[in-house]
Amino acid sequence: MKRLLCAAVAALWFAAPAVAQDAALLERGRYLVEVTAACGNCHTPMGPQGPMPGRHLAGGAVFDEQPFRAVAPNITPDPETGIGRWTDAQVARAIREGIRPDGTLIGPPMPFAFYRGLSDRDLAAMVAYLRTVPPVRNATEKSVYRIPLPPAYGPPVASVPPPADNAVARGAYLAGPVAHCLECHTPMANGHSDMTRLGAGGMEFRGPWGVSVARNITPAGLGSWSDAEIEKAIREGVSKDGRQLFPPMAFWAYRTMSAGDMRDLIAYLRSMPAQR
Ligand code: HEC
Ligand code: HEC
């Protein structure tokens with residue numbers, strides 16, 4: 001009996017670090033999906049009061065643009081209408097490379113140019129967390145693309161290390177691959193983000209609010225702002241002049257961004273080359 005107990009205690013002892021690791025991975029995944037990456041900004045349908053209750057990540061939002069009518073799919077674990085039957089590797093490949101299990105390419109506006117840079121660990125954390133969200137049964141329409149999609153967004157991504165351990169590198173990773181701030185805040189040229197004008201703003205977003213125009217977030221735009229003013233814009237959607245900012249920026253999700261991530265993000269924004 002005593003020996004059995006010892007064995008059980010020993011098993012627990014050895015299992016505990018693994019359980020703690022899983023919990024840490026899940027918490028990281030929750031933070032990424034719900035806060036910094038704000039996947040729900042596209043994958044949760046929005047009502048007049050914001051994200052629709054009971055429809056978390058269940059898809060249905062329509063992006064009606066000239067080149068496409070894209071419909072965000074259901075990414076809950078529902079086996080019939082969501083991604084419940086996909087393996088972890090299939091979900092990971094869909095997010096980072098834009099390829100479905102059947103080999104077809106996932107179209108815009110899912111921001112693949114940036115998601116290709118997601119680190120292996122963050123990608124695994126997102127997948128682990130997506131497995132745990134409540135399944136919602138919601139069949140969504142198929143997207144229609146009036147532009148040809150490329151065969152792929154690039155070669156297969158084998159492995160991505162985490163960003164270098166300094167504030168600017170971590171902030172760049174956050175503003176690019178994770179939160180894709182730069183996708184919305186960089187003007188388009190020939191159907192792609194104009195990487196020579198990173199952060200210059202100018203892209204227009206139409207919605208129930210009318211038209212909002214992404215601002216210049218390089219030092220040419222935010223140079224005279226204090227850190228607290230930048231933080232308030234990101235967390236609360238209130239501009240330096242007190243104006244309430246319109247969607248589609250995901251203030252509602254960024255509200256609970258960690259203090260460390262906020263510091264890194266601001267350090268990066270301040271380090272960007274000024275774009276006029
Ligand atoms: C800017 C909007 C946008 C954001 C942000 C976004 N997605 Fe998507 N996503 C889409 C659209 C639109 C599609 C479908 C495109 C198509 O039909 O080809 C899609 C497709 C997918 C698919 C494929 C599902 C299927 O059934 O084909 C997965 C998985 C997915 N997204 C996961 C995520 C995750 C996880 C995040 C956050 C890290 C995220 N998306 C962020 C718009 C977005
Ligand atoms: C889905 C698109 C989108 C994403 C993602 C996004 N933004 Fe924005 N952002 C906008 C738009 C549009 C505005 C202007 C809204 C308005 O004027 O009402 C804006 C406004 C701002 C402002 C206020 C600037 C001013 O002059 O008032 C700041 C600062 C900002 N964004 C920084 C960020 C950062 C940092 C991130 C990433 C964490 C981010 N944005 C992600 C679209 C986006």
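The following dialogue concerns pockets, a cavity and a ligand site in a predicted model.

Guide: This is a predicted model in which local features need pLDDT of at least 70 and side-chain atom pairs count only at pLDDT 80 or more, while totals for chains, interfaces and linings use all residues. Residues are numbered from 1 along each chain as its sequence is written, chains are lettered from A and ligands numbered from 1 in the order in which they are written, and side-chain values use heavy atoms, with hydrogens and water left out.

Visitor: What makes a set of grid points a cavity or a pocket?

Guide: On a 1 Å grid over the protein atoms alone, a cavity is a set of points where a 1.4 Å probe fits but cannot get out, whereas a pocket is an open set with protein on both sides within 12 Å along at least five of seven lines; lining residues have an atom within 4 Å of a point. The search of the whole structure finds 1 cavity of 30 Å³ or more. The largest cavity holds about 40 Å³ of space, a volume being the space filled by probe spheres set on the points.

Visitor: Which residues line the largest cavity?

Guide: Its lining consists of Ile-75, Thr-76, Pro-77, Ile-83, Val-91, Val-127, Leu-130 and Arg-131. By class these are 6 nonpolar, 1 polar and 1 charged; Ala, Val, Leu, Ile, Met, Phe, Trp, Tyr, Cys and Pro count as nonpolar, Asp, Glu, Lys and Arg as charged, and the others, Gly among them, as polar.

Visitor: Why is the second largest pocket said to lie between domain 1 and domain 2?

Guide: Domain 1 (43-162) and domain 2 (165-276) both give residues to its lining, so the pocket lies between them; the bounds come from an automatic or database domain assignment. The pocket has about 220 Å³ of space, and its lining has 4 nonpolar, 1 polar and 6 charged residues. Among the lining residues are Arg-28, Asp-122, Arg-170 and Asp-264.

Visitor: What makes the approach of His-185 to ligand 2 a polar contact?

Guide: A polar contact is a pair of N or O atoms within 3.5 Å; within protein, one must be able to donate a hydrogen and the other to accept it, and residues adjacent in sequence count only if both atoms are side-chain atoms. An N or O atom in the side chain of His-185 is 2.8 Å from a nitrogen atom of ligand 2, so the pair meets the 3.5 Å limit. Oxygen atoms of ligand 2 also lie 2.9 Å from a polar side-chain atom of Arg-243 and 2.8 Å from a polar backbone atom of Phe-246.
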